[in-house]
Amino acid sequence: MIKKKHPLDTQIIQLLQQQGLIKSEANARLKQEVYQLKSEEISKIHNYANHFGMKAKSTMIEEILEVRREAMISSISNCSEV
């Protein structure tokens, strides 16, 4: 099953390519900065899921990823303006 790309992921990759990265480098940076969760985040998510269920777990993960995407777009945009 192919995972559907988030629209902001495409925008982030385009911004990184405008800065000179090739597509595979941009994808690797996106994966590292957005999708790779830290151990404390994982334990927090598991604890949250134990209390509120799997639906809440999915919602929390999506919220974390959304915040990270927006932060990455902001930082990339600020770097390109300077």
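Buried residues account for 27% of the 82 residues in the protein chain. The structure described here is a predicted model. The secondary structure of the protein chain consists of four helices and zero strands, and the order along the sequence is α-α-α-α. The C-alpha trace spans about 45 × 30 × 20 Å along its principal axes. About 6,100 Å² of the protein chain is exposed, and 56% of that area is supplied by carbon and sulfur atoms. Of the contacts between residues at least 6 apart in sequence, 60% join residues at least 24 apart.

Helix 2 was examined for its length and for the placement of its residues. This helix comprises 13 residues (residues 23-35), which at 1.5 Å a residue should span 18 Å. The expected span is one step shorter than the residue count, because it is taken as 1.5 Å times one less than the number of residues. The end C-alpha atoms of helix 2 are 17 Å apart, in agreement with the expected value. Within helix 2, the residues Ala-26, Leu-30 and Val-34 are buried. These residues cover an arc of only 40 degrees around the axis and therefore lie on the same side of helix 2. Lys-31 and Gln-32, on the other side of helix 2, are exposed.

A buried position in helix 4 was considered next. Ile-73 belongs to helix 4 (residues 54-81). The relative accessible area of Ile-73 is 14%; this residue is classed as buried because the value falls under 20%. Apart from its neighbours within four places in sequence, Ile-73 is in contact with Leu-8, Gln-11, Ile-12 and Leu-15. For one of these partners, Gln-11, the separation from Ile-73 is 62 residues in sequence, while the C-alpha to C-alpha distance is 8.0 Å.

The aromatic side chains were also surveyed. A pair of aromatic rings is described by the distance of the centres and the angle of the planes. The count comes to one aromatic pair. The ring centres of Tyr-48 and Phe-52 are 4.7 Å apart and their planes meet at 50 degrees, so the pair is tilted. Both residues lie in helix 3 (residues 39-52), where a spacing of four residues separates Tyr-48 from Phe-52 by about one helical turn. With a relative accessible area of 32%, Tyr-48 is partly exposed, whereas Phe-52, at 58% relative accessibility, counts as exposed.

Conventions
Residues numbered from 1 in each chain as written. Predicted model: local features only at pLDDT ≥ 70, side-chain atom pairs only at ≥ 80, totals over all residues. Heavy atoms only, no water. Phe/Tyr/Trp six-rings, centres within 6.5 Å; stacked < 30°, edge-to-face > 60°. Helix = DSSP H or I, 4+ residues; strand = E, 2+ residues; numbered from the N terminus. Buried < 20%, exposed > 50% of the residue type's maximum accessible area, 1.4 Å probe, protein only. Arc of directions from axis to C-beta. Contact = heavy atoms within 4.5 Å. Areas by Shrake-Rupley, 256 points an atom, 1.4 Å probe, with all protein chains shown as cover.
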